[in-house]
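Please explain how the ligand is held in this structure, and describe one aromatic pair in the protein.

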Amino acid sequence: MNLKNITIAGSGVLGFQIAMQAAFHGFQVIVYDINDEVLEKAKSKFKTLSESYTTDLKASPEQLENTFNHLSYTSDLALAVKDADLLIEAVPENPQIKIDFYKKLAAVAPEKTIFATNSSTLLPSQFAEATGRPEKFLALHFANEIWKHNTAEIMGHSGTDQKVFDTVVQFAKAIGMVTLPLHKEQPGYILNSLLVPLLSAATDLLVNDIADVETIDKTWMVATGAPTGPFGILDVVGITTAYNINKIAADATGDPLKIKTVKFLKENYIDQNKLGVSTGQGFYSYPDPEYLKKYFLK
Ligand code: NAD
């Protein structure tokens with residue numbers, strides 16, 4: 001199946017990036033959000049993103065003009081999806097908001113439209129019924145700064161049609177992604193199934209006073225050849241995300257170590273606005289963190 005018209009629902013951080021990336025690769029893209037005021041905000045992001053595409057992808061002014069011309073905006077859902085071959089949902093990570101959205105969408109979308117969720121932590125089976133077309137529904141998960149961190153994890157639920165799955169893999173390739181198909185549902189997909197335990201093990205070592213930040217990172221970097229250790233990665237991801245993940249685990253399990261980690265991150269980082277690269281200070285100081293210095297690995 002050949003996809004041409006793409007609708008992106010939710011024009012926030014990820015939604016607008018996905019819209020831009022698809023338009024850059026020649027797809028006709030409609031951006032949908034709840035009202036025109038939010039859409040104006042999204043439109044204003046075109047300029048900043050264009051600068052990143054110019055720096056990181058060497059995009060030409062013609063390519064960017066073409067991208068601009070492939071984007072349109074509406075807060076009318078029926079209009080947004082009228083001719084859509086594929087709708088990518090990037091509305092907030094809240095199950096009720098997503099369910100309400102899929103119910104509204106199901107009532108107005110044409111039969112041909114494939115629905116894909118960009119959810120990071122929720123599973124497609126949670127929404128399959130609400131979509132009214134479970135066989136044409138799956139997850140297509142991108143990373144932040146999609147144009148350079150160009151992974152697309154594609155994950156169906158047990159009722160997803162294999163042809164639909166393959167079509168979405170082809171689409172992801174066509175917009176410049178490295179495609180990472182999963183055989184079945186997995187919370188956290190592949191990347192976070194690997195990353196979250198690593199980052200969590202690193203904070204456990206720190207909070208239990210087994211070793212300091214630099215020694216833990218150095219161990220990982222020297223022994224595996226990785227360019228960044230877990231605390232360097234946490235600074236990029238943002239310490240707020242690490243705090244939230246540990247808080248959810250602490251609240252759910254009452255695990256004393258998780259409770260200690262939450263307190264440690266809150267007092268030493270969150271309350272002091274040391275949130276990582278975004279605030280210039282996290283486990284390391286930016287823009288010139290210790291772990292990138294030559295002597296660090298000695
Ligand atoms: P965001 O808060 O930046 O944007 C959400 C957008 O959805 C907002 O523009 C909001 O106005 C809009 N919205 C709210 N209700 C809506 C509705 N009913 N219909 C249409 N639009 C609605 O969120 P985000 O960070 O872009 O995340 C969106 C999705 O992408 C989430 O599922 C998240 O898990 C996933 N995701 C985020 C990242 C990331 O790094 N931010 C990475 C990968 C995946």
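The following paragraphs treat the ligand site and then an aromatic pair.

This is a predicted model, in which local features need pLDDT of at least 70 and side-chain atom pairs count only at pLDDT 80 or more, while totals for chains, interfaces and linings use all residues. Residues are numbered from 1 along each chain as its sequence is written, and side-chain values use heavy atoms, with hydrogens and water left out.

The ligand is surrounded by 22 residues, each with a heavy atom within 4 Å of it. Closest are V13, L14, D33, E93 and K98. Polar contacts are pairs of N or O atoms within 3.5 Å. In the side chain of E93, an N or O atom is 2.5 Å from a ligand oxygen; for a polar side-chain atom of K98 the distance to a ligand oxygen is 2.8 Å, and for a polar backbone atom of V13 it is 2.9 Å. Of the 830 Å² of accessible area that the ligand has on its own, the protein covers 76% (Shrake-Rupley method, 1.4 Å probe).

Two or more residues of the shell come from each of α1 (13-24), α5 (95-108) and β6 (137-142), where helices (H or I, at least four residues) and strands (E, at least two) are DSSP runs. The largest contribution, three residues, is that of α1.

Helix α5 also takes part in an aromatic pair: Y102 lies in α5 and F127 in the loop between β5 (114-117) and α6 (128-131), so the pair ties together parts that are 25 residues apart in sequence. Their rings are 6.0 Å apart centre to centre, with 35 degrees between the planes, a tilted arrangement (pairs have ring centres within 6.5 Å; planes under 30 degrees apart count as stacked, over 60 as edge-to-face and the rest as tilted).

Key
Polar contact = N/O pair within 3.5 Å; in protein donor to acceptor, adjacent residues only side chain to side chain.
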